[in-house]
Structure formats: structure tokens, C-alpha cells
Amino acid sequence: MPPGGYDGSAPTRYSRRGHISGSRSLPGRGLQDATGHILPEPELAARIGAVLDTDDSQVVLYCGGGISAAGAALALTLLGRTDVSVYDGSLEEWSKDPARPLESGS
């Protein structure tokens, strides 16, 4: 999710702004080059490594509706991660339930 969507500072189409508590921001578009191809492995590993430690396990990805998260899941899988899943309801589903926590800020 882009920074403004993640920290809640940008208007969105979702019921509430912010990010799921405990999550980290790894925008899927940042894992692609200008032509939409996944970055070469060394650059991809560096970008992902800036957000996720290699010992982080059970990575659950989400975005607004699951599409960008699927691309990030592919990138992680290409790097050898086998503990990756996608929350396909993503923020669109999560934000509809006021009982589910959302945080703002980075």
C-alpha cells in the first residue's frame, strides 16, 4: 500500500483510513520496474529486505482489494519464501468492520 494509504493521510475509497495493526508497508508497485516487470532478484531482495527480516515467518499480505498483494506474494515466492499468503478481502473488507483495529501514522 502506498505511504498515504498506509499511514491514513490520503483519502481512500475504504470505510476507514489507516493500516491493519502490526502490519508493515511493502507497496507492490515498488517491486516492479517501469515496464511492470518484477525487479531483478538482487534489487527485489534489497527492497523486500528493507521491510521484512528473513526470519519473519507466516507473511500475510494485503492491499486494498488483494490484487497488488498477489503481486507482492509472487515476488516473495520468487525469492524462495514458502510462508506467504494473501488476505484477499484486504483493507476493503477489514475497514468495513469497526471492531477490527486500524492504526494511522507510520
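Four salt bridges are held by this structure, and they make a convenient start for a tour of what is a predicted model.

**First stop: the salt bridges**

Select Arg47 and Glu43, and display their side chains: the two form a salt bridge in which the closest N and O atoms are 3.0 Å apart. Glu43 has its place in helix α2, and because Arg47 and Glu43 are four residues apart in that helix, about one helical turn separates them. With a surface switched on, Arg47 should be read as partly exposed, at 37% relative accessibility, and Glu43 is likewise partly exposed, with a relative accessible area of 36%.

Move next to Asp83 and Arg81, which form another salt bridge, with the closest N and O atoms 3.1 Å apart. Is Arg81 buried or exposed? With a relative accessible area of 16%, Arg81 is buried, because the limit for that class is under 20%.

Then select Asp97 and Arg100, whose side chains meet in a salt bridge at 3.8 Å, taken from N to O. Asp97 counts as partly exposed at 30% relative accessibility, and Arg100 is partly exposed too, with a relative accessible area of 27%.

**Second stop: Arg16 and its surroundings**

Keep Asp97 and Arg100 on display and add Arg16, which lies in the loop between α1 (3-7) and β1 (19-20). Which residues does Arg16 touch, leaving aside those up to four places away in sequence? They are Trp94, Ser95, Asp97, Pro98, Arg100 and Leu102, so that both partners of the salt bridge between Asp97 and Arg100 are contacts of Arg16. Arg16 itself is partly exposed, with a relative accessible area of 24%. For a sense of scale, draw a distance from Arg16 to Asp83: the two are 67 residues apart in sequence, and their C-alpha atoms are 29 Å apart in space.

**Third stop: the aromatic pair and helix α4**

From Arg16, step to Trp94, one of its contacts, and add Tyr87. A search of the whole structure finds one aromatic pair, and it is formed by Tyr87 and Trp94, whose ring centres are 6.2 Å apart and whose planes stand at 80 degrees, so the pair is edge-to-face. Both of these residues are buried. A line drawn from Trp94 to Glu43 joins residues that are 51 places apart in sequence and 31 Å apart in space, C-alpha to C-alpha.

Helix α4 covers residues 90-94, and Ser90 has its place there. Select Ser90 and inspect its backbone torsions: although it is not a glycine, it has a positive phi of about 45 degrees. Most residues other than glycine have a negative phi. Ser90 is also buried, with a relative accessible area of 0%.

**Fourth stop: the nonpolar cores**

Now hide the polar side chains and turn to the largest nonpolar core, which has 14 residues, of which Leu31, Leu44, Ile48, Leu52, Leu61 and Leu76 touch the most other members. Colour α2 (41-49), β2 (59-61) and α3 (67-78), the elements that give two or more residues to this core; α3 contributes the largest share, five residues. Centre the view on Ile48, which touches Leu26, Leu31, Ala75, Leu76 and Leu79 when residues up to four places away in sequence are not counted. Apart from this core lies another, of seven residues, and Tyr14, Ile20, Tyr62 and Trp94 are among them; Trp94 is thus a residue to revisit, having already appeared in the aromatic pair.

**Fifth stop: the largest pocket**

Where should the view be centred for the largest pocket? Of the 22 residues that line it, Arg24, Leu52, Val59, Val60 and Leu61 are the closest to its centre, and its volume is about 380 Å³. β2 and α3 each supply at least two residues of the lining. Leu52 and Leu61 can be kept selected from the previous stop, as they belong to the largest nonpolar core and are also named at this pocket.

**Last stop: Ser25**

Finish at Ser25, found in the loop between β1 and α2, where a relative accessible area of 22% makes the residue partly exposed. Add Asp7 and draw the distance between the C-alpha atoms: Ser25 and Asp7 are 18 residues apart in sequence and 9.1 Å apart in space.

Methods. Residues are numbered from 1 along each chain as its sequence is written. This is a predicted model: local features need pLDDT of at least 70, side-chain atom pairs count only at pLDDT 80 or more; totals for chains, interfaces and linings use all residues. Side-chain values use heavy atoms; hydrogens and water are left out. A nonpolar core is a set of buried Ala, Val, Leu, Ile, Met, Phe, Trp, Tyr and Cys residues joined through side-chain atoms within 4.5 Å. Buried means under 20% relative accessible area, exposed over 50%, partly exposed in between (1.4 Å probe, protein chains only). Contact means heavy atoms within 4.5 Å. Rings of Phe, Tyr and Trp (its six-membered ring) pair if their centres lie within 6.5 Å; planes under 30 degrees apart count as stacked, over 60 as edge-to-face and the rest as tilted. On a 1 Å grid over the protein atoms alone, a cavity is a set of points where a 1.4 Å probe fits but cannot get out, and a pocket is an open set with protein on both sides within 12 Å along at least five of seven lines; lining residues have an atom within 4 Å of a point. Grid points are joined across faces, edges and corners, and a volume is the space filled by probe spheres set on the points.
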